[in-house]
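Visitor: Please take me through one part of this structure up close. I would like to look at the largest pocket and then see what surrounds it.

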Amino acid sequence: ARIGTAVADLVALAGGYAGTPARLIMGGPMMGIALPDDALPISAASNCVIAATAAELGGTFAEQPCIRCGLCVEACPAGLMPQELLGAVRGENTARLAELGVSECIECGACDYACPSHIRLTTSFQAGKRLLSAAQLAREQADRARSRYEARTQRLARDGRVQTTPPVGPSALDALLARTRQR
């Protein structure tokens, strides 16, 4: 298929839909991306289009508590511990997410498929990656702000306009309060 060809045109060329599609998936059953409609074009990264009916997708099940069976660990091709990652995501523990390697998750969905509790692990790990990125960005911004503050303090100290170390202790606080009351 030529790049830019609409999915609808490809479906029509193949003989149309066999049934009413409940979901269009571009990619594959494990790592494919759900399409909102068939008007979207094919890209260079497209390798297949799945028009799945409701019967082919199976029923949707309510999420149950994790029973720590370990099937997700066995299914993970990246060698991660999905149940531990899930706990870190739910606790928003970015240090633990980094330690467990959430960024190494390839989002293949194998853990979702293997989970007898129907926990949406891949979606949780995507949220965990966003959480880890936001924490890293905040840490970088804090580091830049700290270095700007230190450079400013050094510059002002060099110019003789500010003392290099702020006064510490109750006497400094009392002096500050006394100056404030005088105004």
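Guide: Here is a walk from the whole chain to the pocket, and on to a few details around it.

Keep in mind that this is a predicted model. Start with the chain. It has eight helices and three strands. Read from the N terminus, the order of the elements is α-β-β-β-α-α-α-α-α-α-α. One helix therefore comes before the strands, and the other helices follow them. The C-alpha trace spans about 85 × 45 × 30 Å along its principal axes. The radius of gyration of the chain is 28 Å, whereas a compact globule of 183 residues would have one near 16 Å. Burial is counted too: 25% of the 183 residues are buried. Now take the contacts in the chain with a separation of 6 or more. Of these, 60% join residues 24 or more positions apart.

Now to the largest pocket. Its volume is about 1,200 Å³. The lining has 30 residues, and the closest to the centre are Arg23, Pro29, Leu57, Asp112 and Tyr113. Which elements build the lining? Those that give two or more residues are strands E1 (23-26), E2 (33-35) and E3 (49-52), together with helices H2 (54-57), H6 (110-114) and H7 (121-159). H7 gives the most, with three residues. Sorted by class, the lining holds 15 nonpolar, ten polar and five charged residues.

There is also a second largest pocket. About 230 Å³ of space lies in it. Its lining has 16 residues, and Val7, Leu10, Val11, Val49 and Ala51 are the closest to its centre. Helix H1 (7-13) and strand E3 each supply at least two residues of this lining. H1 gives the most, with three. By class, the lining divides into ten nonpolar, five polar and one charged. Notice E3. It is among the elements that line the largest pocket, and it also helps to line the second largest.

Follow the chain on from E3. Thr53 sits in the loop between E3 and H2. Is Thr53 buried or exposed? Its relative accessibility is 18%, so it counts as buried, the cut-off being under 20%. Leave out residues up to four places away in sequence, and Thr53 touches Gly19, Thr20, Pro21 and Ala22.

Next, look at helix H4 (82-90). Its buried residues are Pro82, Gln83, Leu85, Leu86, Ala88 and Val89. What do they pack against? They pack against helix H3 (71-75), H5, H6 and H7. Two of these partners, H6 and H7, also belong to the elements that line the largest pocket. A general point about helices helps here. An α-helix has 3.6 residues a turn, so residues three or four places apart point the same way.

Just after H4 comes Glu92, with a positive phi of about 50°. Glu92 lies in the loop between H4 and helix H5 (94-100). At 56% relative accessibility, Glu92 is exposed.

A second glutamate also has a positive phi. Glu107 has a phi near 55°, a positive value in a residue other than glycine. Glu107 is in the loop between H5 and H6. With a relative accessible area of 27%, Glu107 is partly exposed.

Finish with the cysteines. How many disulfides does a search of the whole structure find? It finds zero. Take Cys69. Its sulfur is 6.1 Å from the closest cysteine sulfur, in Cys72, and a disulfide needs the two within 2.5 Å, so the gap is too far for a bond. Cys108 is in no disulfide either; the nearest cysteine sulfur, in Cys111, is 6.2 Å away. Are these two cysteines buried or exposed? Cys69 is partly exposed, with a relative accessible area of 38%. Cys108 is buried, at 14%.

Key:
Residues are numbered from 1 along each chain as its sequence is written. This is a predicted model: local features need pLDDT of at least 70, side-chain atom pairs count only at pLDDT 80 or more; totals for chains, interfaces and linings use all residues. Side-chain values use heavy atoms; hydrogens and water are left out. Buried means under 20% relative accessible area, exposed over 50%, partly exposed in between (1.4 Å probe, protein chains only). On a 1 Å grid over the protein atoms alone, a cavity is a set of points where a 1.4 Å probe fits but cannot get out, and a pocket is an open set with protein on both sides within 12 Å along at least five of seven lines; lining residues have an atom within 4 Å of a point. Grid points are joined across faces, edges and corners, and a volume is the space filled by probe spheres set on the points. Helices (H or I, at least four residues) and strands (E, at least two) are DSSP runs, numbered from the N terminus. Ala, Val, Leu, Ile, Met, Phe, Trp, Tyr, Cys and Pro count as nonpolar, Asp, Glu, Lys and Arg as charged, and the others, Gly among them, as polar. The radius of gyration is taken over C-alpha atoms; the globule rule is 2.2 Å times the number of residues to the power 0.38. Contact means heavy atoms within 4.5 Å.
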